[in-house]
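Here is a friendly walk through one model, written for someone who likes cut-offs spelled out. Please keep the viewer open as you read.

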Amino acid sequence: MEAAVAHCTEGLGVWQWASNDQNAEPDVVMASCGDTPTLEILAAVSILREDLPDLKIRVINVVDLMRLQPESEHPHGLSDRDYDQLFTRDKPIIFGFHGYPSLVHGLTYRRNNRNLHVRGYKEEGTITTPFDMRVQNDLDRFHLVQDVVDRLPQLEEKGVYLSKR
C-alpha cells in the first residue's frame, strides 16, 4: 500500500516489478494511463517477455498526465532531464491511453523523444464487450505487441513470427 501511495503521489513512475530493463537502457518503453490501457499494456508485456525474453522493456505508469509536460508549462511537469531518464531520448514509446491519443501527443510535443506511438480512443465500436471495444480501437494486447514488433527492426524473424501468431 505504501508503494501505491508513493507512486500516486509522484504522479508517474517505472514499475520495476513489470519491467526487465533493470535500470539499463531499454529497447522499448511501454507506458499507460488509465485502468483498461494499463491492463492491456501489462498483458502485452507478458506476451513480449515470454516470446522475446532478451527484449529489454521498461514499463511506466502515469497517474498525473500533467507530469508529461515540461516543468515550464505546468507546475507538475517534469524537467527534460527527468523525462529523458524515464522515457529515454530515442527509444520507441508505446503508450496506452484511456482517452484521445492527441492529448498525450500535445502534452509531449516539446520533448526530445519524438518516437512516441499512442493507442487510445478513436471512436470505433458500438455497444459490445469491453475487450471488443479495445480491439476496435487498436488498444488490445495484440495490437500493442504488433506496435513493438513494427518499431524494432532488430527483432527480425522472431518479431515476424510473433506478429503472425
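Gln-22 sits in the loop that joins β1 (12-14) to β2 (28-33); helices (H or I, at least four residues) and strands (E, at least two) are DSSP runs, numbered from the N terminus. Its phi is positive, about 50 degrees, although Gln-22 is not a glycine. With a relative accessibility of 69%, Gln-22 counts as exposed; the scale used here calls a residue buried under 20% relative accessible area, exposed over 50% and partly exposed in between, with a 1.4 Å probe and protein chains only.

A word on the ground rules: this is a predicted model, in which local features need pLDDT of at least 70 and side-chain atom pairs count only at pLDDT 80 or more, while totals for chains, interfaces and linings use all residues. Residues are numbered from 1 along each chain as its sequence is written, and side-chain values use heavy atoms, with hydrogens and water left out.

Thr-88 also has a positive phi, near 70 degrees, and is likewise a residue other than glycine. Thr-88 belongs to the loop between α3 (80-87) and β4 (93-97). Is Thr-88 buried or exposed? Its relative accessible area is 2%, so Thr-88 is buried.

The table sets out four residues by place and accessibility.

| Residue | Place | Relative accessible area |
|---|---|---|
| Gln-22 | loop between β1 and β2 | 69%, exposed |
| Asp-54 | loop between α2 (35-51) and β3 (57-62) | 63%, exposed |
| Leu-86 | helix α3 | 18%, buried |
| Val-45 | helix α2 | 3%, buried |

**Asp-54 and its surroundings**

Asp-54 has its C-alpha atom 9.2 Å from that of Asn-20, and the two are 34 residues apart along the chain. Setting aside neighbours within four places in sequence, Asp-54 is in contact (heavy atoms within 4.5 Å) with Asp-27 and Lys-158.

**Helix α2 and the cores**

Which length should α2 have? Its 17 residues should span 24 Å at 1.5 Å a residue, and the end C-alpha atoms are 25 Å apart, which agrees; the expected span is 1.5 Å times one less than the number of residues. The buried residues of α2 include Pro-37, Glu-40, Ile-41, Ala-44, Val-45 and Leu-48. Val-45 touches Ala-18, Met-30, Ile-57 and Val-59, not counting residues up to four places away in sequence. The C-alpha atoms of Val-45 and Arg-141 are separated by 8.3 Å, with their positions 96 residues apart along the chain.

A nonpolar core here is a set of buried Ala, Val, Leu, Ile, Met, Phe, Trp, Tyr and Cys residues joined through side-chain atoms within 4.5 Å. The largest one has 20 residues, of which Val-28, Met-30, Leu-48, Leu-55, Ile-57 and Val-148 touch the most other members. Two or more residues each come from β2, α2, β3 and α6 (141-151), and α2 gives the largest share, five residues. A second, separate core of 19 residues includes Tyr-83, Ile-93, Phe-97 and Leu-116. In soluble globular proteins, nonpolar side chains tend to be buried together.

Beyond four places in sequence, Met-30 touches residues including Ile-41, Val-45, Leu-48, Ile-57, Ile-94 and Val-148. Leu-86, with the same sequence neighbours left aside, is in contact with Leu-12, Val-14, Val-29, Arg-58, Ile-60 and Leu-78. Leu-86 and Ile-60 are 26 residues apart in sequence and 7.8 Å apart C-alpha to C-alpha.

**Open and closed spaces**

On a 1 Å grid over the protein atoms alone, a cavity is a set of points where a 1.4 Å probe fits but cannot get out, and a pocket is an open set with protein on both sides within 12 Å along at least five of seven lines; lining residues have an atom within 4 Å of a point. Grid points are joined across faces, edges and corners, and a volume is the space filled by probe spheres set on the points.

The largest pocket has a volume of about 150 Å³. Its lining includes Asp-35, Phe-97, His-98, Tyr-121, Arg-134 and Leu-139, and the elements giving two or more residues to this lining are α2 and α5 (130-136).

How many cavities of 30 Å³ or more are there? The count comes to one. The largest cavity holds about 30 Å³ of space, and its lining consists of Leu-68, Tyr-83, Phe-87, Ile-93, Phe-95, Val-104, Thr-108 and Leu-116. Here α3, β4 and α4 (101-108) each give two or more residues.
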